Amino acid sequence: MFTGIVESQGEITRIEASGTNLRCWIKSSISHELKVDQSLSHDGICLTVEEINGDEFRVSAVEETLKKTNLANWSAGKFVNLERAMILGGRLDGHLVQGHVDTTATCILRDNKEGSWLFRFSFLKKFAPLVIEKGSIAVNGTSLTAFDVTENEFSVAIIPYTFNHTAIKDVVPGTLVNIEFDMLGKYITRWKELNKSAD
């Protein structure tokens, strides 16, 4: 479980195919603090640390992950947001994020507001019930607040600190990002679906 508060950024140094999986080597300032078998959020994707070598570590993504996320588009030189699992009893500064990406969205607008940045994203209309005005949403693992929500679009405002300390600064129109909807909203939607079926 994560909070959506990005801890560091990692640079992908190489990607290797392994059957239907992809193995990613990532260089980061927190590599020396990691442990093999540890869960780590990479742009919102929960992946397990498999190997550590100096300031680099390796993770693998299976076929299902490649289908649901933007990881298949990663390449050497890309920076990704990193967050270690939350500590029970710590402050929850963002919102509860599982690291289970629901879908991807496409950036359709990036606007410098002279002190903040506005980003707008489009997503599949079938997920419309899971995005609400002023609700929490994780974009590439970053806890953000959605506004100007329509059936298939939403906006987020980015403060300078978040812009400078996360990989959101690399997002431009056309960029595919990972989206995880609020867990509570997903449970309520599922409950409503099951009760409607029962009727």
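## Valine 6 and its surroundings

Which residues does valine 6 touch, once those up to four places away in sequence are not counted? In this predicted model, the list is Asn81, Leu82, Gly141, Thr142, His165 and Thr166. Valine 6 itself is found in the segment before strand E1 (8-18).

With a relative accessible area of 18%, valine 6 counts as buried, because the cut-off for that label is under 20%. One of its contacts, glycine 141, is 135 residues apart from it along the chain, and the C-alpha atoms of the two are separated by 7.3 Å. Another contact, Thr142, will come up again below, in the sheet, the pocket and the cavity.

## The six-stranded sheet

Let us turn to the strands. Six of them form an open sheet, and their order is E11-E10-E13-E8-E9-E12. The pairing is antiparallel, and from one strand to the next the twist averages 40°. At the edges sit strand E11 (142-145) and E12, each of which pairs on one side only.

E10 has a partner on either side in the strand order, E11 and E13. Three bridges join E10 to E13, with the two strands running antiparallel; here isoleucine 137 stands opposite phenylalanine 181 in E13.

## The E10–E11 hairpin

E10 and E11 are paired over four bridges, again in the antiparallel sense. You can follow the register residue by residue: serine 136 has threonine 145 in E11 as its bridge partner, alanine 138 stands opposite serine 143, and valine 139 stands opposite threonine 142.

Between the two strands of this hairpin there are two residues. Asparagine 140 takes a positive phi there, near 50°.

## Nonpolar cores

The largest nonpolar core has 22 residues, and those touching the most other members are Phe119, Phe121, Ile137, Val139, Phe154, Ile158 and Ile179. Several strands each supply at least two residues of this core: strand E8 (103-112), strand E9 (117-122), strand E10 (136-139), strand E12 (153-158) and strand E13 (176-181). A second, separate core has 19 residues, including Val59, Ala61, Trp74 and Val80.

Phenylalanine 154 is a handy residue from which to explore the first of these cores. Leaving aside neighbours within four places in sequence, phenylalanine 154 is in contact with Phe119, Phe121, Ile137, Val139 and Ile179, among others. The contact list also includes Arg120 and Asp148, along with Phe123, Val131, Ala146, Phe147 and Val149.

## Pocket and cavity

Which residues lie closest to the centre of the largest pocket? They are Ile5, Thr142, Ser143, Tyr161 and Thr162, out of 15 that line it. The pocket holds about 310 Å³ of space. E11 and helix H2 (160-165) each supply at least two lining residues, and the largest share, four residues, comes from E11.

There is also one cavity of 30 Å³ or more, with about 50 Å³ of space. Its lining includes Val139, Asn140, Thr142 and Leu144, as well as Asn81, Ile158, Thr162, Ala167, Ile168 and Val171. Some of these names are familiar by now: Val139 and Ile158 are also among the core residues that touch the most other members, Asn140 is the hairpin residue with the positive phi, and Asn81 and Thr142 are both touched by valine 6.

Definitions and conventions:
Residues are numbered from 1 along each chain as its sequence is written. This is a predicted model: local features need pLDDT of at least 70, side-chain atom pairs count only at pLDDT 80 or more; totals for chains, interfaces and linings use all residues. Side-chain values use heavy atoms; hydrogens and water are left out. A nonpolar core is a set of buried Ala, Val, Leu, Ile, Met, Phe, Trp, Tyr and Cys residues joined through side-chain atoms within 4.5 Å. Buried means under 20% relative accessible area, exposed over 50%, partly exposed in between (1.4 Å probe, protein chains only). Contact means heavy atoms within 4.5 Å. Two strands pair if DSSP finds at least two bridges between them. Axes are lines fitted to C-alpha atoms, for helices over the stretch in contact, and angles run from 0 to 180 degrees between N-to-C directions. On a 1 Å grid over the protein atoms alone, a cavity is a set of points where a 1.4 Å probe fits but cannot get out, and a pocket is an open set with protein on both sides within 12 Å along at least five of seven lines; lining residues have an atom within 4 Å of a point. Grid points are joined across faces, edges and corners, and a volume is the space filled by probe spheres set on the points.
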